[in-house]
Amino acid sequence: MKQCAIITGALGGIGYETAKTFLSRGYTVVGMDVRPAADCEEQISALGEDFVYVAGNLANADDRATLVETAIKTAGRIDALVNVAGVAPKVRRDLLEMTEESYDFVMDINTKGTMFLTQLAARQMLTQERDESGVRGYIVNISSCSAYTSSTSRGEYCVSKAGTTMLTMLYADRLASEGIPVNEICPGIIATGMTAVVKEKYDKLIAEGLVPAGRWGQPKDIAKAVMALCDGTLGYTTGQSIIADGGMHIRRL
């Protein structure tokens, strides 16, 4: 039986590349995104017959349950959960002007949704036999450099990603003895739809030396890191935040 991976945000930049990477390794991928299937038939079709699409909102408990149920019905198990789905505030506002509505919108998807989808997937993984390495399944969360970098025009996003870092540690602690490694990746400036709206700003900052690597990160950079956490390459690693930002986090004089 093929291994099965659940990927949220599967039609976005990082999620889509991650889905392609898992599919290239022979996995069945059950992917969720908010767009109706009829609106993205070409993109879904391009992933092939081993990709199963579930339209849903990560903030919705019924949609989360449907996603997990679909994976179990399709493959009988969950070998990897990759929590990619995330949103930025609809409008960037100064911290002193942030609204509760915007805060709830971001937190419900980025943190609450990730927390409770992970809970559902972990419960399923606990019913599965361990492999030859003692692993029942892998969980990877996509956090952000915003988990530890202040951005006062989108404070709700920063708080949501700091929350993702803590829930990564919580689940890693709870599940380590059960053979379920839980880790996260903190991307830096990645070329996705989310950053496209501020491309000019980041182009300038990168040109001025903000990123030592001297370039934008690409979704494929993150997808490769996800796979390294899910294929046993880093099998003795759990509760870890892997920073993939081209060196942006380095303090320099």
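1. Starting with the pockets: in this predicted model, the largest one has a volume of about 1,100 Å³. Its lining runs to 49 residues, and if you want to find the middle, look for Ala-88, Tyr-157, Thr-192, Met-194 and Thr-195, which lie nearest the centre.

2. As for where that lining comes from, the elements giving two or more residues to the largest pocket are α1 (13-24), β2 (28-33), α5 (155-175), α6 (193-196) and α7 (199-207). By class, the lining of this pocket splits into 24 nonpolar, 19 polar and six charged residues.

3. The second largest pocket comes in at about 240 Å³. It has 17 lining residues, with Gln-3, Tyr-27, Asp-79, Asp-131 and Tyr-138 lying nearest its centre. Here the lining counts eight charged residues, six nonpolar and three polar.

4. Now the helix pair. The axes of α4 (residues 100-125) and α5 come within 9 Å and cross at roughly 15°. An angle under 35 degrees counts as roughly parallel, so α4 is roughly parallel to α5. The handedness of the α4 and α5 crossing is right-handed.

5. Who touches whom? On the α4 side, the contact uses Ser-102, Tyr-103, Val-106, Met-107, Asn-110, Thr-111, Thr-114, Met-115, Thr-118, Gln-119 and Ala-122. On the α5 side, the partners include Glu-156, Tyr-157, Val-159, Ser-160, Lys-161, Gly-163 and Thr-164, with Leu-167, Tyr-171 and Leu-175 also among them. Sorted by class, this contact has ten nonpolar, nine polar and two charged residues.

6. One residue to click on while you have the structure open is Tyr-157: it is among those nearest the centre of the largest pocket, and it is also one of the α5 residues in the contact with α4.

Key
Residues are numbered from 1 along each chain as its sequence is written. This is a predicted model: local features need pLDDT of at least 70, side-chain atom pairs count only at pLDDT 80 or more; totals for chains, interfaces and linings use all residues. Side-chain values use heavy atoms; hydrogens and water are left out. On a 1 Å grid over the protein atoms alone, a cavity is a set of points where a 1.4 Å probe fits but cannot get out, and a pocket is an open set with protein on both sides within 12 Å along at least five of seven lines; lining residues have an atom within 4 Å of a point. Grid points are joined across faces, edges and corners, and a volume is the space filled by probe spheres set on the points. Helices (H or I, at least four residues) and strands (E, at least two) are DSSP runs, numbered from the N terminus. Ala, Val, Leu, Ile, Met, Phe, Trp, Tyr, Cys and Pro count as nonpolar, Asp, Glu, Lys and Arg as charged, and the others, Gly among them, as polar. Axes are lines fitted to C-alpha atoms, for helices over the stretch in contact, and angles run from 0 to 180 degrees between N-to-C directions. Angles under 35 degrees count as roughly parallel, over 145 as roughly antiparallel, 65 to 115 as roughly perpendicular and the rest as oblique. A crossing is left-handed if the near helix is turned anticlockwise from the far one by less than a right angle, and right-handed if clockwise. Contact means heavy atoms within 4.5 Å.
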